[in-house]
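Student: Before I rely on words such as buried, capped or oblique, I would like to see how each of them is earned. Could we go through them one by one?

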Amino acid sequence: MATTAQDVRTIALSLPDSSEKTAWGMPAFRVGGKIFAALADDDTSIGVKCPKEERAGLIAAEPEKFFLREGHDDNYAWLRVRLAAVEDAAELRAILVDSWLQAAPKRLAAAHPDLAGGRAGDEGAEGGGA
């Protein structure tokens, strides 16, 4: 079953101190004033934080799921995720939690070790950088 924009919204807003605010005309999810996820204007994909050095590996491993928007994402620690290719809500949550952890203030992330534990040990690449 494909994940949806509503799944993104539900999971993103369930994360500590997260909020939704429009950016560039699209729904964006923030923590500590920083965007950690944004829905595409057609609701078929999301952008999430991802270290630049991890993007190529994720895209090579699952090109149907992960991609960059050329000319836009090149210089940013950002990766796109096709919602239809995400296995389920658990995988979507792992992706969003990982992005949240990268954007959240260190003190806030440290206050939620249950979330931080998922970053390093996720199965596969889904939660490791996307």
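Tutor: What follows takes the terms in turn and sets values against cut-offs, for a model that is predicted.

Student: What is the overall make-up of the protein chain?

Tutor: The protein chain has six helices and six strands, and from the N terminus on they run in the order α-β-β-β-β-α-β-β-α-α-α-α. Of its 130 residues, 45% count as buried, and among the contacts between residues at least 6 apart in sequence, 53% join residues at least 24 apart.

Student: Why is K65 called buried?

Tutor: Buried means under 20% relative accessible area, and K65 has 1% relative accessibility, so K65 counts as buried. This lysine is placed in the loop between α2 (52-61) and β5 (66-67).

Student: What makes the pairing of K65 with E91 a polar contact?

Tutor: The cut-off for a pair of N or O atoms is 3.5 Å, and the side chains of K65 and E91 make their polar contact at 2.5 Å. E91 is itself one of the buried residues of α3.

Student: Why is A85 described as partly exposed?

Tutor: Partly exposed covers what lies between the 20% and 50% limits, and A85, at 24% relative accessibility, therefore counts as partly exposed. A85 sits in the loop between β6 (78-82) and α3, where, leaving out residues up to four places away in sequence, it touches E64, K65 and E91. The C-alpha atoms of A85 and K65 are separated by 5.1 Å, although the two residues are 20 apart along the chain.

Student: How do you know that the length of α3 agrees with what a helix should span?

Tutor: Helix α3 (residues 89-103) has 15 residues, which at 1.5 Å a residue should span 21 Å, and because its end C-alpha atoms are 21 Å apart, the two values agree.

Student: Why is α3 said to be largely enclosed by the rest of the structure?

Tutor: Eleven of the 15 residues of α3 are buried, so the helix is largely enclosed; among them are L92, I95, L96, W100 and L101.

Student: What caps the N-terminal end of α3?

Tutor: D88 caps that end, with a side-chain oxygen lying 3.2 Å from the backbone nitrogen of A90.

Student: What makes α1 oblique to α3, rather than parallel or perpendicular?

Tutor: The axes of α1 (residues 5-14) and α3 come within 10 Å and cross at roughly 50°. Angles under 35 degrees count as roughly parallel and 65 to 115 as roughly perpendicular, and the crossing angle falls in neither range, which makes α1 oblique to α3. The crossing is right-handed, and D7, V8, I11, A12 and S14 in α1 meet A89, L92, R93 and L96 in α3.

Student: Is D73 buried or exposed, and how do you know?

Tutor: D73 has a relative accessible area of 1%, against a limit of 20%, and is therefore buried. D73 lies in the loop between β5 and β6, its side chain reaches the backbone nitrogen of R69 at 2.7 Å, and, neighbours within four places in sequence aside, D73 is in contact with R55, L68, W78 and R80.

Student: Why are D17 and W24 called exposed?

Tutor: Exposed means over 50%, and D17 at 59% and W24 at 70% therefore both count as exposed. D17 is in the loop between α1 and β1 (18-23), whereas W24 is in the loop between β1 and β2 (26-31). Phi is near 55° for D17 and near 55° for W24, a positive value in a residue other than glycine in each case.

Terms used:
Residues are numbered from 1 along each chain as its sequence is written. This is a predicted model: local features need pLDDT of at least 70, side-chain atom pairs count only at pLDDT 80 or more; totals for chains, interfaces and linings use all residues. Side-chain values use heavy atoms; hydrogens and water are left out. Helices (H or I, at least four residues) and strands (E, at least two) are DSSP runs, numbered from the N terminus. Buried means under 20% relative accessible area, exposed over 50%, partly exposed in between (1.4 Å probe, protein chains only). A polar contact is a pair of N or O atoms within 3.5 Å; within protein, one must be able to donate a hydrogen and the other to accept it, and residues adjacent in sequence count only if both atoms are side-chain atoms. The expected span of a helix is 1.5 Å times one less than its number of residues. Axes are lines fitted to C-alpha atoms, for helices over the stretch in contact, and angles run from 0 to 180 degrees between N-to-C directions. Angles under 35 degrees count as roughly parallel, over 145 as roughly antiparallel, 65 to 115 as roughly perpendicular and the rest as oblique. A crossing is left-handed if the near helix is turned anticlockwise from the far one by less than a right angle, and right-handed if clockwise. Contact means heavy atoms within 4.5 Å.
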